[in-house]
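Biologist: I have the sequence and the structure open side by side. May we go through them together?
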Amino acid sequence: MPAIKSTLLNIIAFLQIGGGVFLLGLFLFVEIPKQLKTPPEGPALINWGITGLFISLAGLSIWAGYLLWKRRSLGFYLSAALQFLQIPYIYVSTLIYIFHASLLSLVANFMPAAETINFTWAFGADGRFFTGTGLTDTPIIGINLVAVIFLIFILSMHRLVKND
């Protein structure tokens, strides 16, 4: 495998590990203490389940990044699945779904002004999932371009790498 492609896989693996660690810290040291101090709105079991889901995704991101770094076949599959989960960005009045661990390059359409398209970059991690009514006044539908590019690259490189 050419050095540049190997380096790009290592960068993706490093970002997955770093994003997973950041997301794990965010939930363990910010979200859980906040939930313990002030009970969240809605059923507590569902809120704790969603928190557990994002903690699991953070751990999975760390593990997938490590396996990708080692060029293990499972690392390619897990990394591709995690990138796929990071593609949609949904922030509408009845559903909020945001998940990214590392880089976010968001192309978003603000629904009230359908002709408006926004492009933003962010580094860090975020995980949110809510359902209900009246969640936001400014609905946003978007895609994470970094996740799309990473997904395509991971899938194309998996075929070229001889692994277990």
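Biologist: Let us start with His100. In which strand is the place of His100?
Modeller: Please keep in mind that this is a predicted model. His100 has its place in strand S2, which covers residues 95-110.

Biologist: Is His100 buried or exposed?
Modeller: His100 has a relative accessible area of 7%. The cut-off for buried is under 20%, so His100 is buried.

Biologist: Which residues does His100 touch, leaving out those up to four places away in sequence?
Modeller: On that basis, His100 touches Gln86, Gly124, Ala125, Asp126 and Asn144.

Biologist: And Ser102, where is its place?
Modeller: Ser102 is also placed in strand S2. Its relative accessibility is 6%, so Ser102 counts as buried.

Biologist: What does Ser102 touch, with residues up to four places away again not counted?
Modeller: Ser102 touches Leu15, Gly19, Ala122, Phe123 and Gly124. Leu15 and Gly19 are among the buried residues of helix H1.

Biologist: How far is Ser102 from Phe27 in space?
Modeller: From C-alpha to C-alpha, Ser102 and Phe27 are 15 Å apart, with their positions 75 residues apart in sequence.

Biologist: Let us turn to H1. How many residues does helix H1 have?
Modeller: Helix H1 has 35 residues, running over residues 3-37. From its first C-alpha to its last, H1 reaches 50 Å, which is close to the 51 Å expected at 1.5 Å a residue.

Biologist: Where does H1 bend?
Modeller: H1 bends at Phe27, by about 30 degrees. Phe27 is also one of the buried residues of H1, a list including Leu9, Ile12, Leu23 and Ile32.

Biologist: What about Phe22, in which helix is Phe22 found?
Modeller: Phe22 is found in H1 as well. Its relative accessibility is 46%, so Phe22 counts as partly exposed.

Biologist: Which residues are in contact with Phe22, leaving aside neighbours within four places in sequence?
Modeller: Phe22 is in contact with Gly124 and Ala125. Both of those residues are touched by His100, and Gly124 is touched by Ser102. In addition, the C-alpha atoms of Phe22 and Ala58 are separated by 8.2 Å, although the two residues are 36 apart along the chain.

Biologist: On to the helix pairs. At what angle do H2 and H3 pack?
Modeller: Helix H2, residues 44-69, and helix H3, residues 73-85, pack at about 135 degrees, and their axes are 8 Å apart. That angle makes H2 oblique to H3.

Biologist: Which residues make the contact?
Modeller: From H2, the contact includes Leu57, Leu60, Trp63 and Leu67. From H3, Leu74, Phe76, Leu78 and Leu82 are among them. The crossing of H2 and H3 is left-handed.

Biologist: What lies in the loop between H2 and H3?
Modeller: Arg71 lies there. Its phi is near 60 degrees, a positive value in a residue other than glycine. With a relative accessible area of 13%, Arg71 is buried.

Biologist: One last pair. At what angle do H3 and H4 cross?
Modeller: The axes of H3 and helix H4, residues 145-160, cross at roughly 160 degrees and come within 9 Å. The two helices are therefore roughly antiparallel to each other, and their crossing is left-handed.

Biologist: Which residues of H3 and H4 meet?
Modeller: In H3, Phe76, Tyr77, Ala80 and Phe84 are among those that meet H4. The H4 side includes Phe150, Leu151, Ile154 and His158. Phe76 is also part of the contact between H3 and H2.

Methods: Residues are numbered from 1 along each chain as its sequence is written. This is a predicted model: local features need pLDDT of at least 70, side-chain atom pairs count only at pLDDT 80 or more; totals for chains, interfaces and linings use all residues. Side-chain values use heavy atoms; hydrogens and water are left out. Helices (H or I, at least four residues) and strands (E, at least two) are DSSP runs, numbered from the N terminus. The expected span of a helix is 1.5 Å times one less than its number of residues. The bend at a residue is the angle between axes fitted to the seven residues ending there and the seven starting there. Buried means under 20% relative accessible area, exposed over 50%, partly exposed in between (1.4 Å probe, protein chains only). Axes are lines fitted to C-alpha atoms, for helices over the stretch in contact, and angles run from 0 to 180 degrees between N-to-C directions. Angles under 35 degrees count as roughly parallel, over 145 as roughly antiparallel, 65 to 115 as roughly perpendicular and the rest as oblique. A crossing is left-handed if the near helix is turned anticlockwise from the far one by less than a right angle, and right-handed if clockwise. Contact means heavy atoms within 4.5 Å.
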